[in-house]
Each structure stands twice: as structure tokens, then as C-alpha cells.
Amino acid sequence: VVDLSTCPVDVARDLAQRFALAGMDFADAPVARTRQAAADGTLSVTVGASYQVFEHIRPLLAHMASEITHCGDVGSGQIVKLMNNMVLMQTVVALAEALAIAGRAGMDRKVLLEGLSKGSADSFAVRNHGMKSMLPRIFATDAFSTRYALKDLSYALALAQSVGVDASGAKHARALYTRSAEAGNAEVYYPAVVNLLDPPK
């Protein structure tokens with residue numbers, strides 16, 4: 001059984017134990033990247049499983065993914081996915097803050113993002129979320145929504161709490177995305193959080 005969803009780490013580990021009792025192997029293999037990557041078969045998959053199970057399922061995953069990473073035992077695929085999303089969502093908040101500050105200081109927001117993309121702040125978030133969504137204020141309803149962002153942040157924060165880490169940055173991001181959802185952005189692409197800090201004129 002290969003679970004491609006994003007779920008709490010303890011759920012993945014519990015499922016593995018339950019399937020083992022039934023004589024079945026289990027792998028958590030959450031997928032990442034965009035809707036277009038799914039259509040193109042170029043997703044990234046982070047896999048939590050024994051090495052033997054990973055080798056068995058890798059040829060199947062290769063039909064939909066160009067990056068397949070064995071992260072360790074069951075649950076580790078979820079850990080990598082959740083930490084990826086946590087970092088990305090905090091980066092989007094940082095971009096929203098930068099756009100608000102620069103804009104109010106009289107800076108052209110497009111020039112700001114172009115400058116960031118050429119410096120050490122460059123990232124997938126700058127080039128994708130920033131330039132393609134936050135700058136033109138395009139927040140699709142068929143993309144990764146604020147509601148989904150809050151779900152993944154809640155899983156990441158639950159994991160942080162379970163290991164004794166006070167993830168204050170992620171908590172701040174969750175608070176902003178919660179406000180964004182309450183402002184009517186629950187079902188639209190989560191970079192809409194920029195409208196809280198840098199309202200469109």
C-alpha cells in the first residue's frame with residue numbers, strides 16, 4: 001500500500017503497523033510540485049519505507065515523478081513533505097512582508113522581485129508564487145488553497161510540538177493564513193495572504 005497523500009506522521013506510522021499485522025507492506029509517499037507537474041509526470045515524491053519496499057515501488061512511482069527520494073523509514077516521507085511546505089509557506093509570508101514594505105517605501109514591486117531573484121533571496125517561491133501570483137494578484141481556485149496550507153501547517157506544528165520545538169515562525173504563518181481564510185481566501189491559492197499585508201489599491 002502506497003499512500004500518496006499528505007498526512008500526520010503518526011498516522012503514517014500507525015497505518016504501517018496495521019498493515020504489517022495483515023502481512024502487507026506500507027509506504028508513505030506524499031507528492032509535491034504543481035498541478036502541471038502531475039500532468040507532465042514530473043512530480044517530486046518523498047518516500048518513507050524500508051529500502052526493500054522503496055526499491056519495489058520506485059519503478060511505479062517513476063511513471064508520475066521525475067524526483068523520487070528515499071527519506072528513511074515509514075513517516076520520513078511525510079516529515080520531508082511537511083517541512084518543505086512549512087518552509088515554503090513561511091517564505092511566502094516573508095515575500096508578502098517584503099512587497100508591503102517596499103511598496104509603501106515607493107519601490108516598484110516588480111523591480112523588487114526581479115532584484116530578489118538575482119540575489120541570495122532567490123527561490124522557487126520568488127519566481128513562482130511571487131512573480132506569477134502575488135505581483136499580478138492572481139489567486140486561482142484550482143490551485144493549492146489557503147485551507148490546504150492551514151492543514152499542512154497544522155500537521156507540521158503538531159510534529160514540532162511532539163518533538164519539543166517551538167516553531168514560532170510557523171505559528172506566525174498559521175496566524176496570517178487563518179486571517180486570510182477568514183477574509184474570504186480559504187478556497188483560493190494561498191499566496192493571497194499578500195492582500196492582508198499589502199492590500200491592492
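This is a short tour of the cysteines and salt bridges in the structure above.

Before you start clicking, note that this is a predicted model, where local features need pLDDT of at least 70 and side-chain atom pairs count only at pLDDT 80 or more, while totals for chains, interfaces and linings use all residues. Residues are numbered from 1 along each chain as its sequence is written, and side-chain values use heavy atoms, with hydrogens and water left out.

**Stop 1: the cysteines**

Select Cys7 and show its side chain. Cys7 is buried, at 7% relative accessible area (buried means under 20%, exposed over 50%, partly exposed in between, with a 1.4 Å probe and protein chains only). Now add Cys71, which is partly exposed at 27%. Draw a distance between the two sulfurs: the closest cysteine sulfur to that of Cys7 sits in Cys71, 14 Å away, so the gap is too far for a bond. Looking back from Cys71, its closest cysteine sulfur is the one in Cys7, again at 14 Å. Don't hunt for disulfides (pairs of cysteine sulfur atoms within 2.5 Å) elsewhere, as the structure holds zero of them.

**Stop 2: a pair in helix α3**

Side chains of opposite charge can pair when their charged atoms come close. How many salt bridges does the structure hold? There are nine, a salt bridge being a side-chain nitrogen of Lys or Arg within 4 Å of a carboxyl oxygen of Asp or Glu.

For one of them, select Arg58 and Glu55, whose closest N and O atoms are 2.6 Å apart. Both lie in helix α3 (residues 51-61), and because they are three residues apart there, about one helical turn separates them. Helices here are DSSP runs of H or I with at least four residues, and strands are runs of E with at least two, numbered from the N terminus. Switch on a surface and you'll find Arg58 partly exposed at 32%, with Glu55 partly exposed at 29%.

**Stop 3: two more pairs**

Jump to Arg127 and Asp122, a salt bridge with its closest N and O atoms 3.0 Å apart. Arg127 is partly exposed at 39%, and Asp122 is partly exposed at 31%.

Next, pick Asp166 and Lys171, whose side chains meet in a salt bridge at 2.6 Å, N to O. Is Asp166 buried or exposed? Asp166 is exposed, at 56%, whereas Lys171 is partly exposed at 40%.

**Stop 4: a network**

Finish by selecting Arg109, Arg137 and Asp198 together: a network of salt bridges links these residues.
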